[in-house]
Each structure stands twice: as structure tokens, then as C-alpha cells.
Amino acid sequence: MRSRQQQGSGRAAGSSSNGGGEDARGEAAPAALPLCCPDGGSPASDLRIDPGSPLPLGVRDCCDGFNFAVFSRHAEAMQLLLFRHPGSHEPWCVIDLDPARHRTGDVWHALVDGIGWRQAYAYRVFGPWAPTQGHRFDRDVELLDPYALATTAAANWDFRGDATIDRQTDPAPGAASPASPAASPPRSLLVSRRFDWQGVGRPKRPWSETIVYETHVRGLTIHASSGARHPGTFLAVIDKIPHFRRLGVTAVELMPVQEFDARDNPRTSPSGHRLSNYWGYATTAFFAPKAAYGTARDAGCEVEEFKTMVRELHRAGIEVIMDVVFNHTGEGGEAGPTLSFRGFDNAIYYMLDEAGRYRNLTGCGNTFNCNHPVVRDYVVDCLRYWATEMQVDGFRFDLASILGRGEHGELLHDPPLLERIAEDPILRDVKLIAEAWDAAGAFQVGSFPAQRWAEWNSRYRDDVRRFWRGDPGLRGALAWRVCGSADLYQKAGKEPVGSVNFVTCHDGFTLADLTSYAHKRNEANGEANRDGPAEEFSAGYGAEGDTGDPEVRRIRLRQAKNLLATLFVSRGVPMLLGGDEFGRSQGGNSNAYCQDNAVSWYDWRLVERNGEIFRFARAMAGVRRRFATLRSDAFYSEDEVRWFDCDGQPPDWQAPHGTLGMLIRSGESANDDRPLLLCILFNAGEAPVGFVLPPSPEPWRVVFDTAKAPPEDIRASGEEPCLPRQSRYGLEGRSMAMVVSGRARS
């Protein structure tokens, strides 16, 4: 972009001057220039510029124009840039914001009349380049509005930031390499908030009825087998609603959908292909849905299409949970690009050390300064926007322990942001889920310092995986996990629904790979197989990856059923990784963050090809709905559950073997004189065992047995075969069964 002196000058009626002088580098500051038109247009007669209002931040549609407001405490001057087209290389108008008229406290603002929807805009901010003091203002960079509701879907975002020069030693931002003439940086867009929700409200499902399905918007439907009308988009998610309903899930958890740069991954695969930032855990615009997930029918259409997706999911009774990444941003570390926050006020938005360098508590180059009052307001404003304007039902917070750290990186006893989110009156009915750890050593599963938050329970994942792999000494751990992890949550005053239970998620192996690989296969990620989780607690059961051995395939299928069955009978909130219900494999890749290809995409032909596991998964979701005791939001009392060994006696919790029985006395019986009894049997060993069944007033009926072939592996209500009056139940090796006595209330 040309410098401002090259762009010419002009003055609009009613505009004001911000004076001249020198900037922080001792260079001549721009002469007073309220309004100029570099492309030769004549906006002076078309636009009216007034001081405007400092609130709300972002852009508000007023009766007399659009009010722009943005925060910067340490800026010395600021310009609002308007572009005739989203992809224009030069601004149509440059509006100087005079501190005397366009600044209130730390907020810069202006009211602009004469522009309309889909207007592209950006900011240029002038201030000191003093990295050791935390300031990294760069007058040569166009900045995204932190409150932008949409961004331009540029085919080739060019962030030309600090990666081109070491600015710790060279204080001249203008020395960076010029932008490619074929590229343009992302710009903010004005988009209308109006939308017809057609009277469809939120499902507002209680936690106890929630079954979460974690998925990636693009990966869900981009494969040719999806049959979607607009593959890889928000609208295509609607096409999969029949599948979600058939499966029985009640909430879809979307991996990051706030704008990010999918091209910011510098790595290449061993074959030389450029890798991507496919998952999107590097947000650049927190209020804006990702433009590439829209149909691109017009600029900013992704906002309306996101709302359409939410409305139709709600119409089907399915909630929407967003995976949000407030722990860091896409600007990275010292060598990263300047996109927004760094250019507006680096010293406020990021945690910095005494030398002005970024505290990297996330492993991603920077750490958002979440407990600074200004940043706290920003995070809450963002959550409120998605919860109200976009009607989102919940949020999963990536590396949420960061939100509980102070400005020096210390873990706070009572983190103000976490409490504020939990107690915010607008967010009171929104689901909150924490990934209760970070890359700086915090691990707060069971001790996350806030009420009303559920947590991803990684202890559940690891203990259940290890138990079914056959690791010795896991009986006690399994019992805790199946009962809702009272050892983790009860002491904190939380209930079982505070535990989001999962055996797989986007991080790590899929369910098919968990039972097919003993070791990760991440070479395609370009990091010599060093990346990804160090331990998956997985096994191949006699082979690695694909095999034609029928016995190995039989064991793998049974183990997948065991893991699914355990998940659905456990108290807490079950979460499925999308595609696990039909055997989706990533070829042993445990860290497919960079694989925007068939490794990550859902092949929908597998629903029919692997129909047995799909049938079992949906039937297990039905079992959970059928027996309310399995999804209760309270911990079991001593009167409700009894554990026993194969001989019917109390178990030796120190024993190494993996056999265990669980008797549940439920209060949901349809007959007050005959209690509903559920008996769940586990056998993680290779050899078959016989369990002495507890006495029951009615015959035991078999609900499921993972060792049996369909349709006997799981039965619908009323179709369960009765066991003869016998005292033992034979359970094959590596299998699990549930028998019931009595009837549940309808």
C-alpha cells in the first residue's frame, strides 16, 4: 500500500484536524487529513463524518449512519479506511479520527453517514514501536476490527507481518517486505444483524439429557460421498440433521468456526504438499464466522448462513456448542503477523514479560491477557454476541486454564473472568465446558476454579481406554468413571454432569484407530512423527492398521462396542467424536490438525459399510434415554449401587484382573413392589468368565452383550430375551453386557 503522503489529500465539510508534529520514531507525523480519496472518487459530497459515540464497541447501525468505535489506550492517532470493494488494494476513503473530537477515554469513534451494508473497512493505528515497553504499533498494516461481525473471504490473505524481519532489533515497521500485488489483507465487513428466526427457539436441554457430537464443519460434508448441496459449509450441516437425529445426539459441538487463517501453517508434508491450519485453533476475528464456511454467494453471507444452520438444528431439537479459543490468537509470537490486537494495543491484549516478549503459555506463540479488565469485557461481549445474536447454546473453551491466569501467568485462586462468565445474566442458561488444562503445566480436571462449568474429563478417557486395553489394576478407576467421577467432582460441590465423558475427541486417535494402532502414524504432518499425544493407550490386537485377519477384525469391533457401551452407561455427559459411529479412520494419524484431505474428511459410505457399529452406537444412545438412572445428575448413593466380583462377592479393588460387576437399584420402576434392577458386567480379560448374578424378583433380561453378533448384540425395549432361572451369566473375553430386571416407567 502506498504511504499516506502519496495518496493525495482532501477535506470534508464538518471534519476536524488532528494536527501535525512528530511520531514516536522521530519522523514527521501525517499532516492533518480528515478525509481523502486515493482512487479519485468524490466522497466529500457523499459522506458525513460526525464524532459519534464510544459505545458500543464495534459498528452499530444508527438512524443517521454507522457508528464505529474501537479501543486503543496507547495509540497516538488512528485512521478508519473504507474500501469501494472488499478486494480493493487501496482504500476508497481514509478518515482521520481527531483525538479532540473522536476519542473518549481509550475509545476512538466516528459516525459515518453515506455507506451501506457489505462496506469493507479497516483501521490504521499510529503509535510507538517500542517492543521492550510492549508497544508494537505499525502504521503500514491494515487492522481488522476486533469486533468485526464478518471478514472478506480473500482467496489469498497476505498478513505480511513480523515474519519478514526481526523487529526486536530493527524498529522500522516500514522495512517489511511489501504486500504481493495479487493479494489483499482481510478486511472487516458491515453486515446486518436482521434475521428471521421463524419463531424457532432454543431447545434448552438439561445437561442430564445431553449427548454431544463433536465435529468439524468442513470435514463433515466436504467429501463427495456426503451428498451435501453446499459441501463444507454451514448450510451443509443442515443436510446431516437426519443423521444426527437417527443417531440420537442432542448437541453438535463445532470445532473452531470463528475466522482464522487456514494458510498460516508453514510446514509441508514429506511429499512436498503445503499443510494447512485445518482445525482452526488460531482465531483472528472472534465475532466473525469463518467466511470460507459460507457459500460465498455474496460478501458476508456466512453470517446469515450460520444463523440458518443454528435455526434448523434448533428446529430439530439439537443444540449448538462452539469451540472457542480465547487463550491465544492467530498473531502468534514475535515473528507472527500483525492482524488486529497487536496493532491496536499489544501491551493490553497480551501477557508480556518484563522485556516485552510474549508469555507463551499456550504453545502457540502468545497468550491472551484474559484477566485484564478490558480483555475480560471483550471476551464477555463476544460470548454475549454469539449467545444472543447467533443463538448459540454453549461454548467449549480451549485450554481454559489460561482464562484463570493473571497478567504474570500465575494461576489465580478466584479468577475474575471465569466467575464473570458463569454469573453473567445474559449467559446464565448457556452451557459452559472447560478444557481444564494448558500448555504451561496446569491440569485442573476436577478442580477447575468455577462453579457451573463442566469439564472435558481426560481422566475418564485415559482410565476407560486403559481398562479395556487390559492394563492391570484399573477396576477401581473404572468404577469411579462409570459412576460420574465423584472422586474428582464431588469434593468441589459439582455433580456428575460436570464431567463431559469421552473416549475420543479431535485430539488423538479416532475410535477405529484406537482399536487398530498401537502407535501413531503422524509422518504426513511433516514433524518426523514427533507431534501428537505421547500415549494413546491403544492397541492393534495383532496387527497395525488395516488387516484382513477376521479374528483381529472381530476383536477390534468388539472393543469399539465396549468403549461405546461404557460411555453411554456412565453418569456424566457423553461426547462422541464425529465419525466414530461409523468407523471413520485417520490412518493412525493422532494429530490431523493440518490434514485438509481424505485423512480428516468424513466418508459417508462407511455408514453402510460399517453398519454394525453404527447400529450399535445409535442403539446405545437409546439405552441411555430409556434408563434415566444412567443419566441422573446426582451421584449414586450407597443404597443405589453395589459392586461385585465374578463370584458375587465384594471385589478386591487391588486385584489386577479386569472383571467387575455393577448392580444398580433404580427408583424409576414401573411397579412400586418390584424395583428396576440394572446389572452391568465388564470383562477386559482375554478369557471368558462366569458371573454370579444377584437375586432378582423377576427374570433377568439381556439388553446388550458386545460379544454377540447382531441383532443379539443389543435389543430394543420389549425385545430382550429372558435368561432362564440360573445363577450365572457367561461373558466372553473382552466383552461387556447389561441385564435388567423389572420395567422402567414409560
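Author: A cavity here is a set of grid points where a 1.4 Å probe fits but cannot get out. Please keep in mind that the model is predicted.

Reader: Thanks! With that in hand, how much space lies in the largest cavity?

Author: By this rule the count comes to 2 cavities of 30 Å³ or more. Lining the largest cavity are 14 residues, and the closest to its centre include Met-255, Trp-279 and His-506. The lining divides into 6 nonpolar, 7 polar and 1 charged. The space in the largest cavity is about 110 Å³.

Reader: Which aromatic residue does Trp-279 pair with?

Author: Trp-279 is among the residues closest to the centre of the largest cavity, and its aromatic pair is one of 46 in the whole structure. Planes over 60 degrees apart count as edge-to-face, and here the angle is 65°, with the centres 6.4 Å apart. The two residues are 314 residues apart, with Trp-279 in the loop between strands E15 and E16 and its partner in the loop between E22 and H14. That partner is Tyr-593.

Reader: Now the second largest cavity: which helix gives the most to its lining?

Author: The second largest cavity has a volume of about 60 Å³. Its lining has 6 nonpolar, 3 polar and 2 charged residues. Two helices, H13 and H9 (458-469), each supply at least two of these residues. The helix that gives the most, with 3 residues, is H9.

Reader: And from which helix comes the largest share of the lining of the second largest pocket?

Author: This pocket holds about 780 Å³ of space. Of its 27 lining residues, those closest to the centre include Ala-512, Arg-553 and Asn-610, and by class the lining has 9 nonpolar, 8 polar and 10 charged residues. H12, H13, H14 and H15 each supply at least two residues. The largest share, 5 residues, comes from H13.

Reader: At about what angle does helix H13 run to E22?

Author: E22 is one of the 8 strands that close into a barrel, with parallel pairing. From one strand to the next, the twist averages 30°. Helix H13 (residues 550-569) lies across both E21 and E22. Its angle to E22 is about 150°.

Reader: Elsewhere in the barrel, which residue in E14 is the bridge partner of Val-212?

Author: Strands E13 and E14 follow each other in the barrel order. They run parallel and are joined by 4 bridges, with E13 covering residues 212-215 and E14 residues 251-254. The bridge partner of Val-212 is Ala-251.

Conventions: Residues numbered from 1 in each chain as written. Predicted model: local features only at pLDDT ≥ 70, side-chain atom pairs only at ≥ 80, totals over all residues. Heavy atoms only, no water. Pairing = 2+ DSSP bridges. Axes fitted to C-alpha atoms, helices over the stretch in contact; angles between N-to-C directions. Contact = heavy atoms within 4.5 Å. 1 Å grid on protein atoms, 1.4 Å probe; cavity = no way out; pocket = protein on both sides within 12 Å on 5 of 7 lines; lining within 4 Å. Points joined across faces, edges and corners; volume = space filled by probe spheres on them. Nonpolar A, V, L, I, M, F, W, Y, C, P; charged D, E, K, R; others polar. Phe/Tyr/Trp six-rings, centres within 6.5 Å; stacked < 30°, edge-to-face > 60°.
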